[in-house]
Every structure is written in C-alpha cells, then in structure tokens.
Amino acid sequence: MKSIKKIDTEIDEIDRRIVFATQKGIPLVERPFDAIAKQVGITANEIKYRLEVMLDNGIIRRIGAVPNHYHLGYVANGMSVWDVDDDAVDEFGEIIGTLDYVSHCYKRPRHLPVWPYNLFAMIHAKTRAEVEEKAAAIATILEGVCRNHEILYSTRILKKTGLRLFNTPK
Amino acid sequence: MSKPAEYDVLDRQIINALHGGFPIVDEPYVEIASWFNIGSQELIERLDNLLKSGALTRFGPLFNSQRMGGEVTLAALCVPEHRYDEIAEIVNSYRQVAHNYQREHAFNMWFVICTEVPGEIKKVIQAIEDETGLKVYDCPKEREYFIGLRLQA
C-alpha cells in the first residue's frame with residue numbers, strides 16, 4: 001500500500017477533507033474507515049493509505065486516545081517556566097523533555113524585563129506538593145545554567161476545543 | 001476543575017494501550033478488542049462511555065496543525081482582577097483561540113491561538129489588544145523538545 005509513497009509533506013484538498021472528517025475523532029463503528037470514506041467521498045483504502053502517509057510524515061502525530069488528565073486524577077497542572085542560558089537551553093530542553101511527568105517542553109521567547117523565562121515545561125501530578133517535588137528535580141538538572149523559575153498553576157479552564165479547521169473544505 | 005471520576009481496571013488499560021498505534025485496518029476495534037479478550041461491541045461501548053464521561057477528550061488523530069500550513073502560538077495577558085471575566089469573554093470569542101487557561105500569576109491568562117493561514121496570528125493578537133486595551137505577550141515556540149503525555153491512567 002505504501003509503494004507510491006508521497007515525498008512532499010504538503011496536504012492536498014482530499015487530505016484536508018480527511019482532517020475535517022476526523023478532527024472530532026474516529027467514528028466508533030465496526031468499520032470506521034468506511035464511514036470516513038463515505039463522508040469524504042473516496043474509498044476506504046485511500047483513506048487508510050492517506051492516514052498512513054500523514055502519520056509517516058508527521059502531519060498526524062499519532063492516532064489514539066487523548067485522555068483528560070484531570071479526570072485521571074492528575075489535577076495539579078503546573079506550567080513551569082525557566083530562565084535558562086541561551087547557549088544551554090537546547091541541550092537541557094531535550095533532557096527535560098524526556099521526563100515522564102513533562103507533557104510539553106518548549107523554548108519560547110523572553111519578554112524582558114517582565115518575562116525572563118525561555119524554557120516552558122508543563123508538569124502534571126496529582127497534588128501541588130508533587131508538582132513542587134518534580135520542579136525541584138528539574139531545578140537540580142538545570143543547576144548552573146538557570147537563574148530563576150516559577151510555576152504557574154491553572155485554576156480554571158476558560159476554553160478548550162480541539163478543532164483546527166473551521167470551514168468545510170471547498 | 002471537575003472531580004476525577006472512577007474507572008475500572010480495564011478502562012485504564014484501554015486508555016494506556018491506545019495512546020497511539022490505532023490499527024489502520026478495516027475493523028480496528030475487532031483487533032484492539034482482541035488484545036483485551038473482549039468483544040468489539042464492548043470496546044466501542046467503553047470508549048463511548050469514556051468520551052461521554054470526559055475521561056477522554058478525543059479519540060482519533062492528533063494533527064500537527066503547523067504542518068498543515070497553519071500557525072499556532074501561546075499568548076499571555078496580565079488581566080486586572082476586576083476585568084477578568086469580561087476579558088475572558090472577549091478572548092474566547094475568537095474562533096482562533098483554541099484553549100484558554102486561568103493561571104495564578106501576574107500573567108494570569110494563557111491561551112493558544114491556532115490559525116489556518118500564515119499571518120493571521122498577528123491580526124488576531126492586534127484585534128485582542130485593540131478590543132481589550134491590554135498588551136498581548138506572544139510566546140510562539142522556537143523549539144519543541146517534547147510533546148506528549150506519558151501518564152498512566
């Protein structure tokens with residue numbers, strides 16, 4: 001099925017239709033790709049092939065369950081932010097990204113003087129005390145290359161939507 | 001924040017096993033159900049319940065929107081307490097705002113802006129600044145070291 005593997009990573013109009021048809025999820029029916037195919041207007045085999053290609057080239061990160069960590073008991077969500085030396089941030093960002101309690105790890109721009117932090121690591125745990133422990137572990141890793149850090153706890157979800165495409169493709 | 005609900009051992013095993021690797025075959029639920037020695041109907045019902053109860057936010061593909069020509073950024077506002085709800089309403093009214101979280105900090109509102117067309121983020125930020133009179137701190141990712149969630153259900 002992958003013999004005519006696409007080289008480019010751009011998505012075309014049919015891919016966009018597939019994205020639109022699946023952004024709310026894979027249908028919970030015995031033959032979900034048939035259901036998607038019907039909606040998109042191509043065969044189930046082509047749907048499957050195109051999903052494989054998009055997985056291969058990273059347009060789809062993964063296909064699976066997206067848990068709501070609050071419902072799983074991980075109610076303490078701390079966005080830890082770190083002021084790390086510019087020439088060390090890549091090396092240490094990679095290390096912190098491997099920690100299993102860090103769900104997102106990014107380098108972002110500072111906004112001096114009010115916002116000196118350039119490394120963001122989202123920490124998930126069941127209690128704030130646990131978040132503090134994990135942040136302390138990160139602080140140890142960053143010793144010598146980090147000046148300061150803070151943890152921003154979320155207190156309310158104001159909006160959450162997974163939708164990416166807003167209009168039905170032409 | 002809503003209170004965590006209760007799930008049985010099998011629910012948790014299903015969530016953990018289905019982090020990725022959804023089989024791209026004609027009858028994927030039959031294949032997955034066989035891992036747990038249950039029928040595909042029971043699996044489908046359990047997934048349906050996990051979605052309805054909110055244990056799962058979604059079940060399906062996770063797209064990298066930037067690879068589809070879109071742009072994404074994380075932005076922050078320092079909102080005066082007495083204007084918080086008013087500002088939240090304004091920010092949330094933009095369809096390009098996908099997530100918005102209140103956080104305990106002077107930078108107390110953090111939201112993700114996703115757009116389909118390059119250049120649109122700047123316009124959304126400008127519009128929010130005009131409408132709120134507040135400065136939007138744009139924090140686009142410069143490097144991604146990791147994205148995922150490896151927590152055990």
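**Entry 1: Getting my bearings**

Before I place anything in a loop, I note what counts as an element: helices (H or I, at least four residues) and strands (E, at least two) are DSSP runs, numbered from the N terminus. With that settled, I looked up A:P113 and found this residue in the loop between β3 and β4 of chain A. I also remind myself that this is a predicted model.

Next I listed the elements of chain A, which has five helices and five strands. Reading from the N terminus, I wrote down the order α-α-α-β-β-α-β-β-α-β. Of the 170 residues in chain A, 52% are buried. I then looked at contacts in chain A with a separation of 6 or more, and 66% of them are between residues 24 or more positions apart.

**Entry 2: The loop between β3 and β4 of chain A**

I went back to A:P113 to look at its peptide bond. A:L112 and A:P113 are joined by a cis peptide bond, with omega about 0°.

A:H111 sits in the loop between β3 and β4 of chain A too. Is A:H111 buried or exposed? Its relative accessible area is 18%, and the cut-off for buried is under 20%, so A:H111 is buried. I wanted to know which residues A:H111 touches, setting aside its neighbours within four places in sequence. I found B:Y137, B:D138 and B:C139.

**Entry 3: One side of a helix**

I turned to helix α4 of chain A, residues 89–97, and marked its buried residues: A:V89, A:F92, A:G93, A:I96 and A:G97. Where do they lie around the axis of α4(A)? They cover an arc of only 140°, which puts them on the same side of the helix. A handy rule for my margin: an α-helix has 3.6 residues a turn, so residues three or four places apart point the same way.

Then I checked what covers those buried residues of α4(A). From chain A, the cover includes β2 (76–84), β3 (102–107), β4 (119–125) and α5 (128–141). Chain B takes part as well, with β6 (143–147).

**Entry 4: Two helix pairs, one in each chain**

In chain A, I looked at how α2 (residues 32–40) packs with α3 (residues 44–56): the angle is about 100° and the axes are 8 Å apart. Angles of 65 to 115 degrees count as roughly perpendicular, and α2(A) and α3(A) are therefore roughly perpendicular to each other. On the α2(A) side, the contact is made by A:F33, A:D34, A:I36, A:A37 and A:V40. On the α3(A) side, I noted A:A44, A:I47, A:K48 and A:L51. Sorted by class, the contact has seven nonpolar, no polar and two charged residues.

In chain B, I looked at α2 (residues 28–35) and α3 (residues 40–53), which pack at an angle of about 95° with their axes 8 Å apart. That makes α2(B) roughly perpendicular to α3(B). The contact uses B:Y29, B:V30, B:I32 and B:A33 from α2(B), and B:S40, B:L43, B:I44 and B:L47 from α3(B). Here the classes come to seven nonpolar, one polar and no charged residues.

While I was there, I looked at B:N37 in the loop between α2 and α3 of chain B. Its phi is near 60°, a positive value in a residue other than glycine. B:N37 has a relative accessible area of 74% and is exposed.

**Entry 5: Rings that meet**

How many aromatic pairs are there over all chains? The count comes to 12. I picked A:F120 and B:W110, an edge-to-face pair with 6.0 Å centre to centre and 70° between the planes. A:F120 lies in strand β4 of chain A and B:W110 in strand β4 (residues 109–115) of chain B, so this pair joins two chains. Both rings belong to buried residues: A:F120 is at 3% relative accessible area, and B:W110 is at 2%.

B:W110 also pairs with B:F107, and this pair is tilted, with 6.3 Å centre to centre and 40° between the planes. At 5% relative accessibility, B:F107 is buried. I then found one aromatic cluster formed by A:W115, A:Y117, A:F120, B:F107, B:W110 and B:Y137.

**Entry 6: A last residue**

I ended with A:T155 in strand β5 (residues 146–160) of chain A. At 31% relative accessibility, A:T155 is partly exposed. A:T155 and A:N77 are 78 residues apart along the chain, and their C-alpha atoms are separated by 8.8 Å.

Notes:
Residues numbered from 1 in each chain as written. Chains lettered and ligands numbered in written order. Predicted model: local features only at pLDDT ≥ 70, side-chain atom pairs only at ≥ 80, totals over all residues. Heavy atoms only, no water. Buried < 20%, exposed > 50% of the residue type's maximum accessible area, 1.4 Å probe, protein only. Arc of directions from axis to C-beta. Contact = heavy atoms within 4.5 Å. Axes fitted to C-alpha atoms, helices over the stretch in contact; angles between N-to-C directions. Parallel < 35°, antiparallel > 145°, perpendicular 65-115°, else oblique. Nonpolar A, V, L, I, M, F, W, Y, C, P; charged D, E, K, R; others polar. Phe/Tyr/Trp six-rings, centres within 6.5 Å; stacked < 30°, edge-to-face > 60°.
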